[in-house]
Amino acid sequence: ISDVKQVSFSCIESNITYSSAYSELKDMIKLITTDINRKSIDNISGVLDEKTGNVSGTMTVNYFILEGSSEK
């Protein structure tokens, strides 16, 4: 059993602008949500360009960081 002396939790927010095919957007969402590093999508918006079939918009991604030190 360890005694935790100091723990710090941070959330870093990143706003991303994207323009891609719908299938690429789905791949990007899957990559973000299944990555071993803790992330989540807080907000996503998009508009379909019917001429090109691309989706463009913005998304807010949160990166979570938990740091701590312990003494045994």
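This is a short selection-by-selection tour of the structure above.

**Whole chain**

Start with everything shown as a cartoon. The model is predicted. Its secondary structure comes to one helix and three strands. Follow the chain along the sequence and the pattern reads β-α-β-β. Now switch on a surface. The accessible surface comes to about 5800 Å², and carbon and sulfur atoms hold 50% of that. Of the 72 residues in the protein, 14% are buried. Next, think about the contacts with a separation of 6 or more. Residues 24 or more positions apart account for 69% of them.

**Stop 1: the nonpolar core**

Select Tyr18, Leu25, Ile32, Val55, Met59 and Val61, and show their side chains. These six residues make up the largest nonpolar core. Which elements each supply at least two residues of this core? Helix 1, residues 22-34, does, and so does strand 3. Strand 3 gives the most, with three residues.

Stay in the core and pick Val55. Set aside its neighbours within four places in sequence. What remains in contact with Val55 is Tyr18, Ser19, Ser20, Tyr22, Leu25, Gly46, Val47 and Leu48. Two of these names, Tyr18 and Leu25, are core members too.

**Stop 2: tyrosine 22**

From Val55, step to one of its contacts, Tyr22. Tyr22 has its place in helix 1. Is Tyr22 buried or exposed? Its relative accessibility is 53%, so Tyr22 counts as exposed. Beyond the neighbours within four places in sequence, Tyr22 is in contact with Gly53 and Val55. Add Ser56 to the selection and draw a C-alpha to C-alpha distance. Tyr22 and Ser56 are 34 residues apart in sequence and 9.2 Å apart in space.

**Stop 3: the aromatic pair**

Select Phe9 and Phe64. How many aromatic pairs does a search of the whole structure find? It finds one. The pair is Phe9 with Phe64, and the two rings are stacked. Their centres are 6.0 Å apart, with 15° between the planes. Phe9 lies in strand 1 and Phe64 in strand 3, so the pair ties together parts that are 55 residues apart in sequence.

Check the surface at both rings. Phe9 is exposed, with a relative accessible area of 55%. Phe64 is partly exposed, at 32%.

**Stop 4: the nonpolar patch**

Keep both phenylalanines and add Val7 and Leu66. Together, Val7, Phe9, Phe64 and Leu66 form a nonpolar patch on the surface. Their accessible area adds up to about 430 Å². Strand 1, residues 3-21, and strand 3 are the elements that give two or more residues to the patch.

Click Leu66 by itself. Leu66 lies in strand 3. Its relative accessibility is 62%, so Leu66 counts as exposed.

**Stop 5: glutamate 67**

Move to Glu67, also placed in strand 3. What is Glu67 in contact with, leaving aside neighbours within four places in sequence? The contacts are Gln6, Val7 and Ser8. Val7 is already on screen as part of the nonpolar patch. Now draw the C-alpha to C-alpha line from Glu67 to Gln6. It spans 8.2 Å in space, while the two residues are 61 residues apart in sequence.

**Stop 6: asparagine 62**

Go to Asn62. Asn62 is found in strand 3, which covers residues 54-71. Is Asn62 buried or exposed? The cut-off for buried is under 20% relative accessible area. Asn62 has 8%, so Asn62 is buried. Show its surroundings, again without neighbours within four places in sequence. Asn62 is in contact with Cys11, Ile12, Glu13, Arg38, Lys39, Ser40 and Asp42.

**Stop 7: the salt bridge**

One of those contacts, Lys39, leads to the last stop. How many salt bridges does the structure hold? It holds one. Select Lys39 with Asp35 to see it. The closest N and O atoms of this pair are 2.6 Å apart. Lys39 is partly exposed, with a relative accessible area of 22%. Asp35 is partly exposed as well, at 24%.

**Last view**

Colour strand 3 and leave the stops on display. Strand 3 holds Asn62, Phe64, Leu66 and Glu67. Strand 3 also gives three residues to the nonpolar core.

Conventions. Residues are numbered from 1 along each chain as its sequence is written. This is a predicted model: local features need pLDDT of at least 70, side-chain atom pairs count only at pLDDT 80 or more; totals for chains, interfaces and linings use all residues. Side-chain values use heavy atoms; hydrogens and water are left out. Helices (H or I, at least four residues) and strands (E, at least two) are DSSP runs, numbered from the N terminus. Buried means under 20% relative accessible area, exposed over 50%, partly exposed in between (1.4 Å probe, protein chains only). Contact means heavy atoms within 4.5 Å. A salt bridge is a side-chain nitrogen of Lys or Arg within 4 Å of a carboxyl oxygen of Asp or Glu. A nonpolar core is a set of buried Ala, Val, Leu, Ile, Met, Phe, Trp, Tyr and Cys residues joined through side-chain atoms within 4.5 Å. Accessible areas come from the Shrake-Rupley method with a 1.4 Å probe; for residues, only the protein chains shown count as cover. Patches are made of residues with over 30% relative accessible area and no salt bridge: like charges are joined within 9 Å, nonpolar side chains (Val, Leu, Ile, Met, Phe, Trp, Tyr) within 5 Å. Rings of Phe, Tyr and Trp (its six-membered ring) pair if their centres lie within 6.5 Å; planes under 30 degrees apart count as stacked, over 60 as edge-to-face and the rest as tilted.
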